[in-house]
Amino acid sequence: MKHIVKIITLLVAISAMWIGLLEMSVVPRSQTWLLSIYFIVSLGCYGLLMVGIGLMHFPTCPQEAVLLQQDIVEAKHYLKQRGVDVGSE
């Protein structure tokens, strides 16, 4: 829910800035189509930033890694009993 609020806030801020620039005639009318491109690029940069931050703070779970390794050993043992070649242990 927090991310939705952030995105909506960002969209409102950019839209307000866009409308303000159009109303003040800072940007010539012939180049207003560039604002939509800038908007899309900035939204993409924001998305990449959020993905990067999420990857930097990705939690590690050592207990789950141990459980996964145990499951792998059990699966290999089960498949060996059934005659399936599972490679090296």
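The following exchange concerns the fold, surface and selected residues of a predicted model.

Me: How many helices and strands are there in the protein chain?
Reply: From the N terminus on, the elements run α-α-α. The tally for the protein chain is accordingly 3 helices and 0 strands.

Me: Is the protein chain a compact globule or more spread out?
Reply: For 89 residues the globule rule gives 12 Å, whereas the radius of gyration is 26 Å. Because the latter value is well over the former, the protein chain is more spread out than a compact globule. Along the principal axes, its C-alpha atoms fill a box of roughly 75 × 25 × 20 Å. The radius of gyration asked about is thus 26 Å, and the verdict is "more spread out".

Me: What percentage of the 89 residues in the protein chain is buried?
Reply: A residue counts as buried when its relative accessible area is under 20%. Among the 89 residues of the protein chain, the buried share is 7%.

Me: What share of the accessible surface of the protein chain belongs to carbon and sulfur atoms?
Reply: The accessible surface comes to about 7,600 Å². The part of this area that belongs to carbon and sulfur atoms is 71%.

Me: How many Å apart are the mean positions of the positive and negative charges of the protein chain?
Reply: The protein chain carries 6 positive and 6 negative charges. Taking the mean position of each set, the separation between them is 9 Å.

Me: Which residues make the nonpolar surface patch of about 280 Å²?
Reply: Two of the contributors, valine 12 and isoleucine 8, have their place in helix α1. The patch of about 280 Å² is made by Ile4, Ile8 and Val12.

Me: Is valine 12 buried or exposed?
Reply: Valine 12 belongs to helix α1, which covers residues 2-23. The cut-off for exposed is over 50% relative accessible area. Valine 12 has 52%, so it counts as exposed.

Me: How far apart in space are isoleucine 8 and leucine 35?
Reply: Isoleucine 8 lies in helix α1 and, at 46% relative accessibility, counts as partly exposed. Along the sequence, isoleucine 8 and leucine 35 are 27 residues apart. From C-alpha to C-alpha, their distance is 18 Å.

Me: Where does glycine 87 lie, and what is the separation of its C-alpha atom from that of leucine 68?
Reply: Glycine 87 is found in the segment after α3 (62-81). Its relative accessibility of 40% makes it partly exposed. Glycine 87 and leucine 68 are 19 residues apart along the chain, and their C-alpha atoms are separated by 18 Å.

Note on methods
Residues are numbered from 1 along each chain as its sequence is written. This is a predicted model: local features need pLDDT of at least 70, side-chain atom pairs count only at pLDDT 80 or more; totals for chains, interfaces and linings use all residues. Side-chain values use heavy atoms; hydrogens and water are left out. Patches are made of residues with over 30% relative accessible area and no salt bridge: like charges are joined within 9 Å, nonpolar side chains (Val, Leu, Ile, Met, Phe, Trp, Tyr) within 5 Å. Accessible areas come from the Shrake-Rupley method with a 1.4 Å probe; for residues, only the protein chains shown count as cover. A salt bridge is a side-chain nitrogen of Lys or Arg within 4 Å of a carboxyl oxygen of Asp or Glu. Helices (H or I, at least four residues) and strands (E, at least two) are DSSP runs, numbered from the N terminus. Buried means under 20% relative accessible area, exposed over 50%, partly exposed in between (1.4 Å probe, protein chains only). The radius of gyration is taken over C-alpha atoms; the globule rule is 2.2 Å times the number of residues to the power 0.38. Lys and Arg count as positive and Asp and Glu as negative; His and the chain ends are not counted. The place of a charge is taken as NZ of Lys, CZ of Arg, CG of Asp or CD of Glu.
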